[in-house]
Amino acid sequence: MNSKYNISSYIHIKNNQVSLNGSVIFIEEHSIFTNFIKAAYKAQNTKYPKFFKMDNLSKLAFLAADILLKKQNLNVENNNNIALVFSNKASSLDTDISHQKAIQHKDNYFPSPAVFVYTLPNICLGEISIKYKLYTENSFFIFEHFNAEHLIANSNSLLDTNKAESVLCGWVELEGENYEAFLYLVSKEGTLEHNKQNIITLYNT
Amino acid sequence: MNRTYLSYNNIISSLGFDSKTVVENVHNEVSGLKLIENSQALPEPFYSALIDSKKLNEAFKKLQPKEDYTRLEKMMITSLNEVVKTSNIEINDRVGLIISTTKGNIDALDDNNPFPKERAYLSELGNNIKEFFGFKNEAIIVSNACVSGILSVAIAKRYIQQNMYDHVFIVSGDVVTEFILSGFNSFQALSNEPCKPYDKNRSGINIGEVAASVLVTNSSNLSKEAVEILGESSCNDANHISGPSRTGEGLYKSMIAALTQANMTARDIDYISAHGTATMFNDEMEAIAINRLELQDVPLNSLKGYFGHTLGASGLLETIVGMHSLNNNTLYASKGFKKLGVSKPINVIKKTTSKELNTFLKTASGFGGCNTAIIFKKSNQTKNHV
């Protein structure tokens, strides 16, 4: 069955590299995640101080989305109807563990709202929505592995029902030093057909 | 396009272990909220609506489990079992499973919890539920803050309309944990009395726990309180990650999109099952969004005064009560409300009253700026129109 939609661009952030549409645009070897993501952010020259308040999952998801969306030359005042459909395995576990540490011992008890708010995986969708003024459909799913089939069903539904003009879709996983972001933009634009095989091929690139 | 319905349902809660009993308690304005003194969970006493552990263990044991399950898994399995059983649907590859939760088995991270920390992975929770019932498809876990429960309904409909499934079982649940209580307490959002949504003297939220389940289906073999999903939408505020938009932008846009998809206007809505957490900002934001759409005269309630805020389950719990509200042609009192305490007029239901009802709008909002709105219509009325 031919899809009505195409993938117009995609991004990977993994293994100390950022690559956009298959070309490496940033590399920082031998670096822990916090240093790597900060360096990648700086290399983009995005002036957005809120970035530094984000937890690691949001930093990863935000930067991936920001690099990809920046290339779309959007006018943010234009009510761009880009839906967000994100997924991962570890949810917000990385920050959940920080909050748990803050409450584990009653003699060293320091829960903080700035940490607690990030104990939800969909907060990164909020961060991206704020930056790009996306008053749009957004949903966060948890799967054991990257699951192209479910991402397709959800993006097609949003596009078929005209709830969105395009969907920024993918996988943003972060747990300690294990991290991986893979996002792609689905719409009527572009030439690469939006189907399971193509998504899996891009994911494994 | 196929019609999609919400049909067989169950609620496991402080107010009973089946929807009918729970709704009867709501009808009689019985609240599950009690003062809890548990310094392990929170240094100071707090109000919460908790599921009786003894009763839960007894109900769960009847299902003859062969392994150890967490408290949340017991709640979810006991609830979903009732829906799987009564709906009598064969579990094959055309049947989907959605689990909605904000924090799942987050208590497994606690050093004092007997379960391994890996149990906190939501995919483990999904697998445990899937395996118990022998679902053929991987569990789809929706974790989108406090709209998770209602967003799951919209997503189930999307899967059915994409012709991936004919039936989707949804089970929603979250448990009251030290993790959650300490977090909301750090926001100074917890009330030290039973919550009072939309009231002048409202003082914050109570956290509660439930598991709720429903069958979403394209079949016309329905339960008597079944409703059809007419329109749904879930829009972001694009404003703040931990506070609602002052203009209610995302909620307003969600409600408009749901009305548009349902091909309805504000006048066609008979009842609003709102979010009403009883925080200053949330309730005010809802009143603004509701007025922007001229829905201010439609009778509205928040059910948080009965169950507390049950997080990822609240949207589904409140939808199920809404289904029964339509079927019973009864508007249930918004418990805890006396005098309007928001800047725009809204029609909060003060007293449980009988009224012919055909449609309702369910809304929810949550951290991350998320909002969801869904419009439902009595299914027996739908049939008359065909």
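**Exercise 1. Fold and compactness of chain A**

Task: State how many helices and strands chain A has, and decide whether chain A is compact or extended for its length.

Solution. Step 1: in this predicted model, the secondary structure of chain A consists of 7 helices and 8 strands. Step 2: the radius of gyration of chain A is 17 Å, and the globule rule for 205 residues gives 17 Å. Step 3: the two values are close, so chain A is as compact as a globular protein of that length. Step 4: for the dimensions, take the C-alpha trace, which spans about 60 × 35 × 35 Å along the principal axes of chain A.

**Exercise 2. Interior, contacts and surface of chain A**

Task: Describe the burial, the contacts and the surface of chain A, using percentages where they are available.

Solution. Step 1: of the 205 residues in chain A, 60% are buried. Step 2: consider the contacts in chain A with a separation of 6 or more; 65% of them are between residues 24 or more positions apart. Step 3: the exposed area of chain A is about 8400 Å², and 47% of this area comes from carbon and sulfur atoms. Step 4: chain A carries 18 positive and 20 negative side chains, with 6 Å between the centres of the two sets.

**Exercise 3. Two residues**

Task: Decide for Lys188(A) and for Ser123(B) whether the residue is buried or exposed, and list the contacts beyond four places in sequence for Lys188(A) and for Ser123(B).

Solution. Step 1: Lys188(A) lies in the loop that joins β7 (178-187) to β8 (192-193) in chain A. Step 2: its relative accessibility is 62%, and the cut-off for exposed is over 50%, so Lys188(A) is exposed. Step 3: beyond four places in sequence, Lys188(A) has contacts with Lys4(A), Tyr5(A) and Asn6(A). Step 4: Ser123(B) belongs to helix α4 (residues 122-133) of chain B. Step 5: its relative accessibility is 6%, and buried means under 20%, so Ser123(B) is buried. Step 6: beyond four places in sequence, Ser123(B) touches Ile141(B) in its own chain, and Lys89(A), Ile142(A), Phe143(A) and Glu144(A) in chain A.

**Exercise 4. Domains of chain B**

Task: Give the bounds of the domains of chain B and describe how domain 1 and domain 2 meet.

Solution. Step 1: the domain assignment places domain 1 at 5-217 and domain 2 at 227-385. Step 2: the C-alpha centres of domain 1 and domain 2 of chain B are 20 Å apart. Step 3: contacts link 60 residues of domain 1 with 65 residues of domain 2.

Methods: Residues are numbered from 1 along each chain as its sequence is written. Chains are lettered from A and ligands numbered from 1 in the order in which they are written. This is a predicted model: local features need pLDDT of at least 70, side-chain atom pairs count only at pLDDT 80 or more; totals for chains, interfaces and linings use all residues. Side-chain values use heavy atoms; hydrogens and water are left out. Helices (H or I, at least four residues) and strands (E, at least two) are DSSP runs, numbered from the N terminus. The radius of gyration is taken over C-alpha atoms; the globule rule is 2.2 Å times the number of residues to the power 0.38. Buried means under 20% relative accessible area, exposed over 50%, partly exposed in between (1.4 Å probe, protein chains only). Contact means heavy atoms within 4.5 Å. Accessible areas come from the Shrake-Rupley method with a 1.4 Å probe; for residues, only the protein chains shown count as cover. Lys and Arg count as positive and Asp and Glu as negative; His and the chain ends are not counted. The place of a charge is taken as NZ of Lys, CZ of Arg, CG of Asp or CD of Glu. Domain bounds come from an automatic or database domain assignment.
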